[in-house]
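This report describes one sheet and the hairpins that connect its strands. The sequence and the structure come first.

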Amino acid sequence: MQLKCPVCGLPVSVPDDAVPGELVDHECGVALEVIVDGGRILLKPFESAGEDWGE
Ligand SMILES: [Zn+2]
């Protein structure tokens, strides 16, 4: 499916089987987190903010 990047406004290709919490890298350099709100799939900027995720 095609969603819109909330950061740069360009289209983002998201796998049809994307699940909430999945991260999608966009060409503008931001990581986007897949979220579901009221049955709709949305993207929000994923803020790592220097946290240690162990990977
Ligand atoms: Zn973008």
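## The antiparallel sheet

In this predicted model, three strands make up an open sheet with antiparallel pairing, ordered β3-β4-β5. Its edges are β3, residues 23–25, and β5, residues 40–45, each of which pairs on one side only. On average, and with direction ignored, neighbouring strands of the sheet are turned by 40° against each other. Strands of a sheet pair through backbone hydrogen bonds, in either a parallel or an antiparallel manner.

### β3 with β4

Strand β4 covers residues 31–37 and runs antiparallel to β3, to which three bridges join it. Within this pairing, D25 has A31 of β4 as its bridge partner, and V24 stands opposite L32 in β4. The hairpin of β3 and β4 has five residues between the strands, and G29 in this hairpin takes a positive phi near 100°.

### β4 with β5

Strands β4 and β5 also run antiparallel, with six bridges joining them. Here D37 stands opposite R40 in β5. Two residues lie between the strands in the hairpin of β4 and β5, where G38 has a positive phi near 60°.

### The hairpins side by side

The table sets out the turn residues with positive phi.

| Hairpin | Residues between the strands | Glycine and phi |
|---|---|---|
| β3 and β4 | five residues | G29, positive, near 100° |
| β4 and β5 | two residues | G38, positive, near 60° |

Terms used
Residues are numbered from 1 along each chain as its sequence is written. This is a predicted model: local features need pLDDT of at least 70, side-chain atom pairs count only at pLDDT 80 or more; totals for chains, interfaces and linings use all residues. Two strands pair if DSSP finds at least two bridges between them. Helices (H or I, at least four residues) and strands (E, at least two) are DSSP runs, numbered from the N terminus. Axes are lines fitted to C-alpha atoms, for helices over the stretch in contact, and angles run from 0 to 180 degrees between N-to-C directions.
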